Amino acid sequence: MIAFIARRLIVSFFVLLAATMVIYGLTALAGDPLEDLRELPGPDRERKMADRIERMNLDVPLPLRYLTWLGNLFRGDLGVNRDGQDVAVLLGNALSATLQLVVAATVLAVVIGVIVGIVSALRQYSAFDYSVTFTAFVCFSLPLFWVAVMLKQYIAIEFNDWLRDPVIPPTVIGVISLVAGLIWATLWIGGRQTRLAAFGLGAAATAVTLTLLSATRWFADPGIGVVLLAILAGGTAVGLTALISGLRYRDPLYAALSAAGIGVILSQLLDPVLTDPSWLEIFGLALLTVAVCVGLGYGLGGLLRRQAILASVLTGLVTGGLIFLDRMLRGFADYSEYVRGRPIATIGSSTPNFEGDFWQTNLDVAGHLLLPTMALILISLATYTRYSRSSMLEVMNLDYVRTARAKGLPERTVVTKHAFRNGMIPITTLMAFDFAGVIGGAIVTENVFGWQGMGSLFLRGLQEVDPAPVMAFFIVSGTAIVLFNMLADIIYAYLDPRIRLS
């Protein structure tokens, strides 16, 4: 393993070195960096041109300029742009904005896409499979800039206007309930009568829920509350236990339910701490949650301690996430009043001059992240759905899966412990490229939503024929591509023991 990593790093270093030479030359020769100054009137023009020539070393031959930049890079100096701004500072701000924008969207697209793709593969040629296939192809073909504009109009402008009087019309309740019933009917396994029952129950439950939310004007002052929190946490415990170990053995279920119950109780006892915490305190509570849940799983898990620990830890973390969401929603009314009833932003990464408590600040961030995250998820979701479906269908027909079934293993064990692991190998390749591409930013999304990230830094450097910011972008994104591809190779060996890195 160490020899493989060392060999890859050495080869990648020389590849990046050659690539920097090409990129620097192409950027420097892409146009005239003094073009905007040549059009200035008056005697000030010559002085500004001389300053820029000195700052960018334009009086030095191109090969020497590249060597000068390379020498400064090895000393940790990224230089300045054509206006004299420190490129390291610009890069830090751009990278922070890009990671904030794209990482959440990529993680959600991977998780949701893989889950939907696996379910689609297990329900091959069902109504659910056909629906997912149709939706995936539609989303994949949509232009990102058009999706962004539609989201601005209907999710931001129209929704913000509706929040002034958040009453759901009966026709909307009927349409949403019908769609929800169809989704439940396609997900349910059974005959026609069973599917009709699932359709009716799903539609009725959705209609009752939306009617209550509209009557209580929940959207004007939202929150989860301790009762709903307990229901959601308990449902999470049951669902995760069924997925991890099944419900035949009760010990893992008791551990997960204990984790959910303790989380609900502590959400009330820790009210003074959660009133206005810091991220350090939130991180400390997360570590404490993991430690307590490991203890619960170990103590209550019996012979299935490993499964009990996993179910308990995941239940505890999900319950903590629900508590976090509840606290954020409690601050919605005050935050909405500050932003004049427009909580969903259409441009920028934050509200100028906004100063609130911890929860209101995070609400502000979430309001600015919502639209670009949705746009990126809709486009990326289709790719992961199709790849994971295709991979699972291929794996499910292999001999070792049929052998696992022939041995009498439960279908849940066959899918989660045998098929899923090998089915993740193609997805790992796709994830490596996507997470490396995340560092490079999303140029179209950043332009539409006014984010000053890595994509904007790169595009502005090209337009201004300024090699320094372009090379800073390339160093970070190129290094990320190399590291993530190497990480993917290492994960291959973990997923499939037949793969060796020697």
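**Terms and values in a predicted model**

User: Why is C139 called buried?

Analyst: In this predicted model, C139 has a relative accessible area of 15%. The term buried applies under 20%, so C139 at 15% qualifies.

User: Why does C293 count as buried?

Analyst: The relative accessible area of C293 is 3%. That value is also under 20%, so C293 is buried. The structure holds 0 disulfides, a disulfide being a pair of cysteine sulfur atoms within 2.5 Å.

User: Why is V179 called partly exposed?

Analyst: V179 has a relative accessible area of 43%. Partly exposed covers what lies between 20% and 50%, so V179 fits the term. This residue is found in helix α8, residues 170-187.

User: Which residues make up the nonpolar patch on the surface?

Analyst: The patch consists of V175, V179, I183, W184, L187 and W188, and together they have about 560 Å² of accessible area. Membership requires over 30% relative accessible area, and V179 at 43% meets that part of the rule.

User: What makes Y125 exposed?

Analyst: Its relative accessible area is 56%. Exposed means over 50%, so Y125 qualifies. Y125 sits in the loop between α5 (87-122) and α6 (127-141), and has a positive phi of about 65 degrees although it is not a glycine.

User: Why does N353 count as exposed?

Analyst: N353 reaches 75% relative accessibility, which is over 50%. This residue lies in the loop between α15 (332-338) and α16 (358-396). N353 is not a glycine, yet has a positive phi of about 65 degrees.

User: What makes F159 and W162 an aromatic pair, and why is it called tilted?

Analyst: By the ring rule the structure has 15 aromatic pairs. The centres of F159 and W162 are 5.5 Å apart, and the limit is 6.5 Å. Their planes are 40 degrees apart, neither under 30 nor over 60, so the pair is tilted. Both residues are in helix α7 (residues 144-162), 3 residues apart, or about one helical turn. Ring pairs also link F159 and W162 with W218 and F219 into a cluster.

User: Why is the pair of F358 and W359 called edge-to-face?

Analyst: The angle between the planes is 85 degrees, and over 60 counts as edge-to-face. Centre to centre the distance is 4.9 Å. F358 is buried at 9%, and W359 is buried at 4%.

User: How do you know that D51 and R47 meet in a salt bridge?

Analyst: The N to O distance is 3.5 Å, and the criterion is within 4 Å. D51 and R47 are 4 residues apart in helix α3 (residues 44-56), about one helical turn.

User: How do you know that D161 and R342 meet in a salt bridge?

Analyst: Here N to O is 2.5 Å, again within 4 Å. D161 lies in helix α7 and R342 in the loop between α15 and α16, so the pair ties together parts 181 residues apart in sequence. Both are partly exposed, D161 at 33% and R342 at 28%.

User: What makes R305 a charge over the face of Y298?

Analyst: R305 lies over that face at 4.2 Å from the ring centre. The distance limit is 6 Å, so the value satisfies it.

Note on methods: Residues are numbered from 1 along each chain as its sequence is written. This is a predicted model: local features need pLDDT of at least 70, side-chain atom pairs count only at pLDDT 80 or more; totals for chains, interfaces and linings use all residues. Side-chain values use heavy atoms; hydrogens and water are left out. Patches are made of residues with over 30% relative accessible area and no salt bridge: like charges are joined within 9 Å, nonpolar side chains (Val, Leu, Ile, Met, Phe, Trp, Tyr) within 5 Å. Accessible areas come from the Shrake-Rupley method with a 1.4 Å probe; for residues, only the protein chains shown count as cover. A salt bridge is a side-chain nitrogen of Lys or Arg within 4 Å of a carboxyl oxygen of Asp or Glu. Helices (H or I, at least four residues) and strands (E, at least two) are DSSP runs, numbered from the N terminus. Buried means under 20% relative accessible area, exposed over 50%, partly exposed in between (1.4 Å probe, protein chains only). Rings of Phe, Tyr and Trp (its six-membered ring) pair if their centres lie within 6.5 Å; planes under 30 degrees apart count as stacked, over 60 as edge-to-face and the rest as tilted. A charge sits over a ring if NZ of Lys or CZ of Arg is within 6 Å of the ring centre and within 35 degrees of the ring normal.
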